[in-house]
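This report covers the surroundings of the ligand and the enclosed spaces inside the protein. Please look over the sequence and the model first.

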Amino acid sequence: MSPGSGKGRLVVVSNRVALPRAGKPASGGLAVAMRATLETRGGIWFGWNGRQSTQRPGKPHRQLAQGVEYLTLPLTRLDYEEYYQGFANRMLWPLVHYRLALLRYQRKNHEAYHRVNAWFAEHLMGILQPGDTVWVHDYHHVPLGAELRARGFQGPIGFFLHTPFPPLDILRALPPYKEFLHNFSAYDLVGFQTRVDEHAFIEAMCDGIDARRERKDGLSLAGSRTKIGVFPIGADAEEIAGQAIRGRNSNQVAALKASLEGRRLIIGADRLDYSKGIIERFRAYRYLLSTRPELHGEIVFLQIAEPSRSGVPEYQVLHHELDQVAGEIIGRFARFDWMPVRYLGRRIPRPTLFAFFSVADVGLVTPLRDGMNLVAKEFIAAQDPDNPGVLVLSELAGAADQLTDAVLVNPYDVEGVGEGIAEALAMSLEERKHRWRRLLAAVHGDDIHHWGARYLQALAEAADWRSAGERP
Ligand code: GDG
C-alpha cells in the first residue's frame with residue numbers, strides 16, 4: 001500500500017484542541033468540521049489544552065468521545081511565555097499579517113518554538129501507526145512535519161495555513177527565515193486560503209531557498225517533493241441559517257429590536273485583534289457620522305469584540321485605543337435619546353450572534369489583512385432571504401476572493417469605508433436580494449465540510465506523488 005492511499009486514522013494537530021463538553025455542540029466552524037471528519041473516519045485530535053503547568057507531563061491527557069480520541073498537553077510556564085506568547089503571538093502572527101512594526105524577535109523564543117514542536121513530535125511518535133495520516137494546522141506548528149520525519153515517520157503529512165503567507169521581502173524580517181522555509185519541504189501538501197498566499201509561498205521557496213518548481217502545483221527541494229494548493233475555508237452554511245432562523249424569535253432578538261426603536265443596525269463581531277481593523281472601522285463610522293448628519297438618530301453600530309491574547313502588550317494597547325475611539329464617538333455624537341455606538345467587550349453565544357446578524361442591515365468586516373475571515377461568510381449564511389442585510393467587506397480579507405458581490409472597501413481608506421457603509425444603507429431591496437443570492441451561492445460553494453474532504457483527498461494524491469519521486 002502506498003503511503004497516500006492509506007485508509008488509516010486521521011491525526012489532526014492544532015495549537016488549540018476543541019475538547020468535547022458534555023451536552024454542548026462544538027463551537028466554531030473549524031471545530032465542527034474537524035470533529036465531523038474525525039468521527040466519520042476515526043482518528044485523533046492532538047494539541048495544547050490551553051493550560052499552563054509547572055512541569056511537562058509524561059503523557060498527554062486522553063479523552064474519548066464519539067469514536068474520536070482527544071490527546072492534549074499543557075505547556076510549562078516557560079514554554080507558554082517563550083513559544084506561545086513570545087514567538088507565535090509576538091513574532092509569527094504580526095509577520096504573517098504584514099505588520100513589521102509590531103514584530104518582537106528573541107532568539108530564546110525561536111528556540112522555544114523548536115523545543116515545543118520537537119516535544120510534540122516525541123509524543124506523536126508514540127501514538128502514530130503505519131497507515132495514519134497527519135494533518136497539521138497553522139503557523140504554530142510549521143516545524144512539526146520535519147520533526148516527525150527526523151524521527152522516521154513516513155506516512156502522509158499535510159499542512160494548512162489559516163493566516164496569510166507574506167511575500168519573501170516581508171518574511172525576511174524573521175532572522176531564521178531560511179530555516180523556517182526549509183521546514184515546509186517535510187510536508188506532502190501545503191495548503192493556503194488564497195492564490196495570493198500560494199504565490200507568495202512559491203516565490204519565497206524558490207527565491208529564498210532555491211526550491212524548484214515541478215509541474216504547476218509542486219515544488220522539489222533536496223530530493224523531496226511537496227504539492228501546493230488553495231483550499232479556501234468555509235462556514236457551516238446550513239447550520240448557521242438554522243440557528244439564525246431559530247434565533248430570530250428569541251428573547252434576545254426581541255430585546256435588541258425593541259431597544260433599536262426602528263433604527264437601522266450596523267454590526268461587527270471579531271476577536272479583539274489588530275489584524276481585524278476595528279479601530280479603523282470606528283474611525284470610518286465617525287467619518288460617516290461627521291459627513292452625514294441626516295443619519296444621526298437613524299442608525300446604531302453594534303460592535304462585539306471578544307478580548308483575545310490579553311497578556312500581549314500590543315493587544316492591551318489596542319484595547320485602550322478602542323475604548324478611546326468608542327468613547328470619543330459617544331461624546332461627540334450621542335444625544336440623550338440616541339447612542340450611536342454599542343460596544344460589547346465580550347463573547348456572546350453563537351446562536352445569538354447569528355440571530356443578531358440576521359436582523360442587521362449592514363455587516364462590517366474590515367480586516368487590514370485576514371487569511372479568510374469566517375465572520376463574512378457567517379453573516380451571509382445568517383441573512384433573512386426576504387430582507388437581506390448588506391456585507392461591507394475588506395478587499396484585504398481572503399474571503400473577498402469569493403464574496404465579490406459584497407460592497408468591497410479598502411480598510412486603510414477610512415473615508416472609503418464610510419462611503420461604503422452609506423452605500424450599503426442606501427441599497428434597494430431588489431439590489432440587496434440580488435447580491436445576497438450570489439453571495440450565498442459562493443458561501444455554499446466552499447462549505448466547511450466540503451473543505452475538509454477536498455483537502456484530505458488532495459493530501460492522499462500528494463503523498464502518492466511524493467513517494468513516486470522517492471523511487472530510485
Ligand atoms: C483564523 C484566521 C481564518 C466572533 N465573535 C464571537 C464569535 N466569533 C467567531 C466568529 C468566527 C470566529 O469567531 C472568528 O473567525 P475568523 O475567521 O474571523 O478569525 P480568526 O479567529 O482570526 O481565525 C482567519 C480562520 O482562522 C479560519 O481558517 O478565517 O483568517 O485569522 O467563527 O463567528 N463567536 C461567538 N461569540 C462572539 O462574540 N460565539
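## Terms and model

A cavity is a set of grid points where a 1.4 Å probe fits but cannot get out, and its lining residues have an atom within 4 Å of a point. The model described here is predicted.

## The second largest cavity

Ser185, Met205, Leu219, Ser220, Leu221, Ser224 and Thr226 line the second largest cavity. Strand S9 (218-221) and strand S10 (224-230) each give two or more residues to this lining. S9 has the largest share, with three residues.

The space inside is about 30 Å³. By class, the lining holds three nonpolar and four polar residues, and no charged ones.

## The largest cavity

How many cavities of 30 Å³ or more are there? The count is two. The largest has a volume of about 40 Å³.

Its lining consists of Gly389, Val390, Leu391, Asp405, Arg432, Arg435, Trp436 and Leu439. Helix H15 (429-445) and strand S15 (390-394) each supply at least two of the lining residues. H15 gives the most, with four residues. Four lining residues are nonpolar, one is polar and three are charged.

## Around the ligand

The shell around the ligand has 19 residues. Those that come nearest are His162, Ile348, Asp370, Leu374 and Glu378. By class, the shell divides into nine nonpolar, four polar and six charged residues.

Which domains contribute to the shell? Domain 1 (10-234 + 449-467) and domain 2 (237-445) each provide at least three residues. Among helices, H12 (350-359) and H13 (374-381) each supply at least two residues of the shell. H13 has the largest share, with three residues.

## Polar contacts and cover

Three short distances link oxygen atoms of the ligand to His162, Asp370 and Leu374. For His162, a polar side-chain atom lies 2.6 Å from a ligand oxygen. For Asp370, a side-chain N or O atom is 2.5 Å from a ligand oxygen. Leu374 uses its backbone instead: an N or O atom there lies 2.7 Å from an oxygen of the ligand. These pairs count as polar contacts because the cut-off for two N or O atoms is 3.5 Å.

How much of the ligand does the protein cover? On its own, the ligand has 740 Å² of accessible area, and the protein covers 90% of that.

Methods. Residues numbered from 1 in each chain as written. Predicted model: local features only at pLDDT ≥ 70, side-chain atom pairs only at ≥ 80, totals over all residues. Heavy atoms only, no water. Near = heavy atom within 4 Å. Polar contact = N/O pair within 3.5 Å; in protein donor to acceptor, adjacent residues only side chain to side chain. Areas by Shrake-Rupley, 256 points an atom, 1.4 Å probe, with all protein chains shown as cover. Nonpolar A, V, L, I, M, F, W, Y, C, P; charged D, E, K, R; others polar. Domains from an automatic or database assignment. 1 Å grid on protein atoms, 1.4 Å probe; cavity = no way out; pocket = protein on both sides within 12 Å on 5 of 7 lines; lining within 4 Å. Points joined across faces, edges and corners; volume = space filled by probe spheres on them.
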